[in-house]
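The following note sets out points on the packing of this structure for a colleague's consideration. It proceeds from helix pairs to the nonpolar cores and then to individual residues.

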Amino acid sequence: MLSVLRVHLPSDIPIVGCELTPYVLLRRPDKTVTTDDVPESAPLDGHFLRYKWYRIQSDKKVAVCSVHPSEQATLQCLGCVKAKIPVAKSYHCSPKCFSDAWQHHRVLHDRAASAVNENGNEEEEIFGRYNSSGSGVINASLTGSASSTSLTNGSTPLYPAAVTQRSGGETWFEVGRSKTYTPTADDIGHVLKFECVIVDAETKQPVGHANTILTSRVIPAPSPSPRRLIPVSGADMLGNLQSDGRVSSSGSFTVLSYNILSDSYASSELYSYCPSWALSWPYRRQNLLREIVGYRADIVCLQEVQNDHFEEFFAPELDKHGYQALYKRKTNEVYSGNIHTIDGCATFFRRDRFSHVKKYEVEFNKAAQSLTEVAVQTTQKKAALNRLVKDNVALIVVLEAKFSNQGADNPGKRQLLCVANTHVNVPQELKDVKIWQVHTLLKGLEKIAASADIPMLVCGDFNSVPGSAPHSLLAMGKVDPMHADLLVDPLAILRPHSKLTHQLPLVSAYSSFLRGVGLGLEQQRRRMDPTTNEPLFTNCTRDFIGTLDYILYTGRFILPESIDC
């Protein structure tokens with residue numbers, strides 16, 4: 001007979017908008033074990049699985065902290081309530097939480113006050129009096145009346161009128177009848193229960209006991225920090241915004257480069273300071289998709305995209321938003337895990353803006369094998385390959401623009417664009433390998449440039465800080481022969497150092513901030529390193545804060561109009 005061996009969730013903290021997919025392990029009548037579903041439409045040996053989800057409403061009202069959503073709130077800012085700021089933003093889990101968040105929290109008050117003043121009301125009438133330190137905002141312990149505001153949405157109760165079950169001061173409301181469930185705003189602050197039971201296909205009655213899981217309280221999805229395009233070339237970008245928010249002018253396009261962190265690398269061991277729910281793929285993928293789509297970029301270059309995630313999620317989801325997808329998976333001569341979880345580079349472009357002309361794939365492993373055949377002594381070949389082979393790849397695509405910036409004197413010329421997307425994932429101590437891979441990519445791009453006078457974009461995570469030899473090669477076209485990085489070269493693959501050059505007129509996109517004028521540019525310059533003309537960081541973890549990611553363009557063909565900050 002069919003039986004359930006185990007039921008669990010990848011993460012026990014559910015987040016609004018992120019699908020919950022329980023893991024259900026079954027034993028078939030033939031004693032084999034499977035995770036395949038057994039629906040009512042295809043029963044097995046006269047039985048199928050029935051699923052239900054419940055929202056558990058406790059008689060005790062609960063609100064969650066706006067800063068630490070997995071924590072129960074103990075304080076509420078009454079200034080927020082009086083100013084009619086969304087009540088969920090008014091809760092905090094401790095006085096220290098409120099104090100630490102005050103500099104950001106007060107912005108909500110300032111915005112509300114500005115809106116009120118525009119309507120001719122008195123600010124003091126709404127906010128009361130605050131002391132000059134800014135830390136004296138009224139706060140109080142939650143009471144039943146103070147927290148009840150969070151449990152309604154206007155005049156509409158969060159819960160349906162019909163009660164399905166009640167037990168020990170708790171009311172269970174049925175919210176779903178499928179294996180998966182996506183929490184809504186109505187679930188915030190409440191526990192969910194998943195129920196799985198075997199049912200007789202003929203009588204439709206449960207067989208045996210139900211297997212259940214209780215989650216932690218549902219938390220809201222954190223809001224991403226706002227980002228905006230800052231003009232850098234004197235163009236009036238507001239005048240060039242389409243109704244959907246995209247920048248559009250003759251010959252203009254937008255590009256995004258993003259290392260999304262492969263799920264196979266997002267482990268609690270590497271990111272022990274992150275809560276498990278924030279690392280879970282069901283949570284991250286929804287946030288990533290929301291963010292990527294929100295940028296409305298014409299060209300999107302992603303790194304660390306797992307093969308299965310590309311095929312099952314990113315390609316079909318971005319297709320819905322008008323993007324065509326191209327992908328290059330890393331080689332697997334080093335990687336020993338599941339072939340479906342190998343990551344790679346994915347490039348997407350809007351079908352209404354570009355068409356695909358050609359695709360080139362660069363496998364640095366093949367380049368390493370060719371190099372060792374001609375440049376390394378026979379006795380060193382195995383050691384050389386062990387050092388050089390890192391499975392990294394680059395994806396190069398040639399696109400044709402469906403818009404044009406050509407003048408009337410040259411109306412028939414095709415407007416082509418070459419976009420390179422790569423991830424140079426090499427251990428920091430192997431400086432020679434990193435420089436060699438960047439040089440190999442640039443030499444390949446030089447060949448494409450020689451065959452066609454074509455603008456180029458080079459995007460990716462190069463794992464190289466500003467001022468390093470790979471960065472110098474990319475942005476300056478050469479490496480100082482006395483550069484310290486060149487001292488690490490046991491295979492002599494970088495000699496003579498004079499060969500470490502290229503003729504592509506590449507310019508780093510963020511250096512444009514240093515050439516423009518305006519208030520937004522002045523503010524952004526504070527986030528720039530004046531010695532390298534690069535951002536202070538594109539990567540921020542507990543152990544490292546610095547710049548590793550770049551977008552470079554051929555300055556002879558492309559002029560940045562604005563850059564996202």
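1. For the helix pairs discussed here, axes are lines fitted to C-alpha atoms over the stretch in contact, and angles run from 0 to 180 degrees between N-to-C directions. The model is predicted. On that basis, the axes of helix α6 (residues 281-295) and helix α7 (residues 307-319) come within 11 Å and cross at roughly 35°. The crossing of these two helices is right-handed.

2. The contact of α6 with α7 can be described residue by residue. From α6, the participants are W281, R285, Q286, L288, L289, I292 and V293, and they meet H309, F313, F314, E317 and L318 of α7. Sorted by class, this contact has eight nonpolar, two polar and two charged residues.

3. A second helix pair is formed by α10 and α11, which pack at an angle of about 20° with their axes 8 Å apart. Because angles under 35 degrees count as roughly parallel, α10 is roughly parallel to α11. Here, too, the crossing is specified: α10 passes α11 in a right-handed manner.

4. In the contact between α10 and α11, the residues of α10 are K434, I435, V438, H439 and L442, while α11 contributes A469, P470, L473 and L474. These residues divide into seven nonpolar, one polar and one charged.

5. How far is α11 covered by its surroundings? Seven of the eight residues of α11 are buried, so that the helix is mostly covered under the criterion of less than 20% relative accessible area. The buried residues are A469, P470, H471, S472, L473, L474 and A475. Their cover includes α10, β22, β23 (506-508), β25 (534-535) and β28. Just after the helix, G477 takes a positive phi of about 85°.

6. The largest nonpolar core has 42 residues, and those with the most contacts inside it are L388, I396, C418, L442, L445 and F462. Two or more residues each come from α8 (364-375), α9 (381-388), β20 (393-401), β21 (416-423), α10 (431-451), β22 (456-461), α11 (469-476) and β28 (549-554). The largest share, eight residues, is that of α10. In soluble globular proteins, nonpolar side chains tend to be buried together.

7. Which residues does L445 contact, leaving aside its neighbours within four places in sequence? L445 is in contact with I396, C418, A420, M456, V458 and L504. Apart from the largest core, there is a second, separate core of 22 residues, which includes L9, L20, Y51 and V197.

8. H8 is placed in strand β1 (residues 3-8). Its relative accessibility is 27%, and H8 therefore counts as partly exposed. Not counting residues up to four places away in sequence, H8 touches P22, Y23 and I213. H8 and T215 are 207 residues apart in sequence, yet their C-alpha atoms are 9.9 Å apart in space.

9. Is L559 buried or exposed? L559 has 63% relative accessibility and so counts as exposed, the threshold being over 50%. This residue lies in the loop between β28 and β29 (562-564). The C-alpha atoms of L559 and V507 are separated by 9.9 Å, with the two positions 52 residues apart along the chain counted as their distance apart in sequence.

Key. Residues numbered from 1 in each chain as written. Predicted model: local features only at pLDDT ≥ 70, side-chain atom pairs only at ≥ 80, totals over all residues. Heavy atoms only, no water. Core = buried A, V, L, I, M, F, W, Y, C linked by side-chain atoms within 4.5 Å. Buried < 20%, exposed > 50% of the residue type's maximum accessible area, 1.4 Å probe, protein only. Helix = DSSP H or I, 4+ residues; strand = E, 2+ residues; numbered from the N terminus. Contact = heavy atoms within 4.5 Å. Parallel < 35°, antiparallel > 145°, perpendicular 65-115°, else oblique. Left-handed = near helix turned anticlockwise from the far one by under 90°. Nonpolar A, V, L, I, M, F, W, Y, C, P; charged D, E, K, R; others polar.
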